[in-house]
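Please walk through the structure below with attention to a few individual residues. The text starts from one side chain and its surroundings, then turns to aromatic rings and to backbone angles.

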Amino acid sequence: VTGYGINFTADRKNVTIKRCLLVQDNETLGLGVGGGEYAIFFQGLYNSTIINNTIRTRSDESHGIFGDATGGKKIMNTTFSLNNITTFGSTVYGIYAVSGSNITIVNNTIRQLGASSRGILFDNANTYSSANVSNNRIIEEGASSRGIETKTKGLLATWNFINISGGSAEGINDPTSGGFNFITRNTIVGTNTSLTGIYFGSVQNSNYSHNNISLNGTSNVGIYIQNSHHNAVTENNVTIYGPGNVDAAAAGIRTGTGTLQYNTISNNIINTYGNLWAYGIVAQTQYSNVTENFITTTGNISHAIEI
């Protein structure tokens, strides 16, 4: 198909999209032509299910499942499950949902080969969404891509498997105006340079716990915290293989710039195996608890806790 595989331009209720095969053009892959195309596109969807579909897009900005909010449309009480999505172009969303609540995204398989792509993106800034993203398998092979990105409040992301292999990629990104999110029991693995397992910035009252993160390469960070307050980072297992450098140290958990207050970093298990500049925790935070973490570092200039 070209343009739109399935297109809803107005609110729809009680819709089921099931067992469809949606392939862009003639399966000539990775040429970077076309763009702005959608396998499934809708503006407003209520009490609906998108299940067990196979989607393949090949050009830049050609998306898998895309929910738009033009004209105040919303996505509510809708489930996306058992879909198999492969994208080859850059700047592509596997599943994109905006402006809605009670959204469930479970048991999907998403593989993206292009740069700056997002496996699953919730674009619902500063709004409580009550969304569940669980048991998805996401593979990101392009640079600066993200497995799951959330700009919302009230997200549960659990039991997801995310593999990142493009430079500067991130497993889970919780970037701005979010909060009250629960990110737990996810597995994130990756091999490349400047990777981040979980990043969150400008977030409050969220919990990041029981995640398993293993990254191999140079200047990688397991969990990166920036400009956030009243969050808990607890009982995560983070392993970093590879060094950092004086300008970009590797770290199991790192805090960055901005106002960092009243965060709890505790009961984490952190192992770093870089031969240089591979810290356990870099804690540039105020009025926070950094307690009862088990940290092993093996390299030179690789402190357990850097303050």
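In this predicted model, Asn160 touches Val133, Ser134, Asn135, Asn136, Ile148, Arg185, Asn186 and Thr187, leaving aside residues up to four places away in sequence. Asn160 itself sits in the loop between β17 (146-158) and β18 (161-164). Is this loop residue buried or exposed? Asn160 has a relative accessibility of 1%, so it counts as buried, the cut-off for buried being under 20%. One of its neighbours, Asn135, is also a polar partner: the side chain of Asn160 reaches the backbone nitrogen of Asn135 at 3.4 Å. That distance falls within the 3.5 Å allowed for a polar contact.

The aromatic rings come next. The model holds 13 aromatic pairs when ring centres within 6.5 Å are taken as paired. For Tyr93 and Tyr96, the ring centres are 5.0 Å apart and the planes meet at 25°, so this pair is stacked; the limit for stacking is under 30 degrees. Tyr96 is buried because its relative accessible area is 10%. A second pair, Tyr199 and Tyr224, is tilted, with 5.8 Å from centre to centre and 45° between the planes. The Tyr199 and Tyr224 pair joins distant parts of the chain, as Tyr199 belongs to strand β23 (residues 196-201) and Tyr224 to strand β27, 25 residues apart. Tyr199 is another buried residue, because its relative accessibility is 16%.

Which residues do ring pairs link into a cluster? They are Tyr4, Tyr38, Phe41, Phe66, Tyr93 and Tyr96. The stacked rings of Tyr93 and Tyr96 are thus members of this cluster.

Two loop residues deserve a look for their backbone angles. His230 is not a glycine, yet its phi is positive, at about 55°. His230 lies in the loop between β27 (221-226) and β28 (232-234); strand β27 is also where Tyr224 is found. With a relative accessibility of 40%, His230 counts as partly exposed, because that class covers values between the buried limit of 20% and the exposed limit of 50%.

Glu292 likewise has a positive phi, near 55°, in a residue other than glycine. Its place is the loop between β34 (289-291) and β35 (294-297). How does Glu292 count, buried or exposed? Glu292 counts as exposed, because its relative accessibility is 64%.

Methods: Residues are numbered from 1 along each chain as its sequence is written. This is a predicted model: local features need pLDDT of at least 70, side-chain atom pairs count only at pLDDT 80 or more; totals for chains, interfaces and linings use all residues. Side-chain values use heavy atoms; hydrogens and water are left out. Helices (H or I, at least four residues) and strands (E, at least two) are DSSP runs, numbered from the N terminus. Buried means under 20% relative accessible area, exposed over 50%, partly exposed in between (1.4 Å probe, protein chains only). Rings of Phe, Tyr and Trp (its six-membered ring) pair if their centres lie within 6.5 Å; planes under 30 degrees apart count as stacked, over 60 as edge-to-face and the rest as tilted. A polar contact is a pair of N or O atoms within 3.5 Å; within protein, one must be able to donate a hydrogen and the other to accept it, and residues adjacent in sequence count only if both atoms are side-chain atoms. Contact means heavy atoms within 4.5 Å.
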